[in-house]
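Q: Could you help me learn to read a protein structure, one feature at a time?
A: Gladly. Let's open it up and begin with a single residue.

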Amino acid sequence: MKKVIIIGASSGIGRELAILYARQSCIVGITGRKKELLDELHSLYPDRLVTRPFDNTKDDVEYHISELIAQLGGLDLLILSAGNGELNTTLDWAPEQSTVALNVMAWTQIAGYTFRYFRQQNHGQLAAITSIASIRGEGRAPAYNASKAFQANYLEGLRKLATYKKLNIYITDIQPGFVKTQMAKGNGRFWEAPVEKAALQIYAAVESKKRKAYITKRWWLIAQLLKIAPDWIYNRL
């Protein structure tokens, strides 16, 4: 039975992925800050979901993940879905700080711990939900886009490390465009996917052990345009 941990499963994409993996008869450890939401999800598949409520930025994440691995009896796949971001054109420090604390500091600790665990057992897969926002900076949410660029580059570094050391570890970078969740903010959102559709495509990409996947698939086109757009065009968007 495949053993999966989803960090940030109380709502949105993480919650939908937990349901998909539970339906595939996996045993799934689910984490999040809000115990009541985890308990609600657990009630859907009580024999396949194991809950572990904790705050990535305040609690000892390595302890909680290690305890969850022990409860599952091992780990084959960890999906890092937790994250936040705020529109912040005034550059107030509080939202920038909270974004960096979760999306960079806590995120890196979890990714690093997971990689070390997989290296010790010589197999495993780390998948992380980054964002199409990782490609360029954004004046309306500077910390968010910067943190996603950090994540994407860190995952590439882990992939290169695994290749260099000839480790049986797969690294999957999932880069969604707009998905209809509480995380989606701002006006002018287009090609906004229902969370169920996005989760299905993410599940397929993870199970195929893809290195990188754009969600939904047509966001590949936007990604390519963002990469080549000159500054004078991009800055007017």
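Q: Is Leu41 buried or exposed, and what is its relative accessible area?
A: Keep in mind that this is a predicted model. A residue counts as buried when its relative accessible area is under 20%. Leu41 has a value of 0%, so it is buried.

Q: Where does Leu41 sit, and which residues does Leu41 touch?
A: Leu41 belongs to helix 2, residues 35-42. Leaving aside residues up to four places away in sequence, Leu41 touches Ala9, Arg15, Ala18, Ile19, Ile30 and Leu49.

Q: How far apart in sequence and in space are Leu41 and Ser10?
A: Here you compare two kinds of distance. Leu41 and Ser10 are 31 residues apart in sequence, and their C-alpha atoms are 7.4 Å apart in space. You can try the comparison again with Ser11 and Leu38: they are 27 residues apart along the chain, and 8.7 Å separates their C-alpha atoms. Ser11 lies in the loop between strand 1 (3-7) and helix 1 (12-23), and with a relative accessible area of 36% Ser11 is partly exposed.

Q: Now for the whole chain. How many helices and strands does the protein chain have?
A: The protein chain has 8 helices and 7 strands. Its radius of gyration is 17 Å, close to the 18 Å that the globule rule gives for 237 residues, so the chain is as compact as a globular protein of that length. The C-alpha trace spans about 55 × 40 × 30 Å along its principal axes.

Q: What share of the residues is buried, and what supplies the exposed area?
A: Buried residues account for 50% of the 237 residues. The chain exposes about 12,000 Å², and 52% of that comes from carbon and sulfur atoms.

Q: What can I learn from contacts across the sequence?
A: Take the contacts between residues at least 6 apart in sequence: 65% of them join residues at least 24 apart.

Q: How many positive and negative side chains are there?
A: There are 31 positive and 21 negative side chains, and the centres of the two sets lie 8 Å apart.

Q: Let's look at strands. Which way do the side chains of strand 5 point?
A: In a regular strand, side chains alternate between the two faces of the sheet. In strand 5, Gly124, Leu126 and Ala128 point one way, while Gln125, Ala127 and Ile129 point the other way. All of these residues are buried. With 6 of its 6 residues buried, strand 5 is largely enclosed by the rest of the structure.

Q: Which strands pair with strand 5, and in what sense?
A: Strand 5 (residues 124-129) runs parallel to strand 6, and 6 bridges join them. Strand 4 (residues 77-80) also pairs with strand 5 in the parallel sense, over 4 bridges. You can find individual partners too: Ile129 stands opposite Ile174 in strand 6, and Leu80 has Ala128 in strand 5 as its bridge partner.

Q: Why is strand 6 described as largely enclosed?
A: Strand 6 covers residues 169-176, and 7 of its 8 residues are buried, so the rest of the structure largely encloses it. Tyr170 is found in strand 6 and counts as partly exposed, at 37% relative accessibility. Tyr170 touches Gly124, Gln125, Leu126 and Lys209, not counting residues up to four places away in sequence. Tyr170 and Phe118 are 52 residues apart in sequence, with 9.6 Å between their C-alpha atoms.

Q: What should I look for in the backbone angles?
A: Most residues other than glycine have a negative phi, and most peptide bonds are trans. Ser25 has a phi near 65 degrees, a positive value in a residue other than glycine. Ser25 is in the loop between helix 1 and strand 2 (27-32), and is partly exposed at 37% relative accessible area. Lys166 also has a positive phi, near 55 degrees. Lys166 lies in the loop between helix 5 (142-164) and strand 6, and is exposed, with a relative accessible area of 74%.

Q: Where is there a cis peptide bond?
A: Look at the bond from Ile215 to Thr216, which is cis with omega near -10 degrees. Thr216 is in the loop between strand 7 (212-215) and helix 7 (219-228).

Terms used: Residues numbered from 1 in each chain as written. Predicted model: local features only at pLDDT ≥ 70, side-chain atom pairs only at ≥ 80, totals over all residues. Heavy atoms only, no water. Helix = DSSP H or I, 4+ residues; strand = E, 2+ residues; numbered from the N terminus. Rg over C-alpha atoms; globule rule 2.2 N^0.38 Å. Buried < 20%, exposed > 50% of the residue type's maximum accessible area, 1.4 Å probe, protein only. Contact = heavy atoms within 4.5 Å. Areas by Shrake-Rupley, 256 points an atom, 1.4 Å probe, with all protein chains shown as cover. Lys, Arg positive; Asp, Glu negative; His and termini not counted. Charge placed at Lys NZ, Arg CZ, Asp CG, Glu CD. Pairing = 2+ DSSP bridges.
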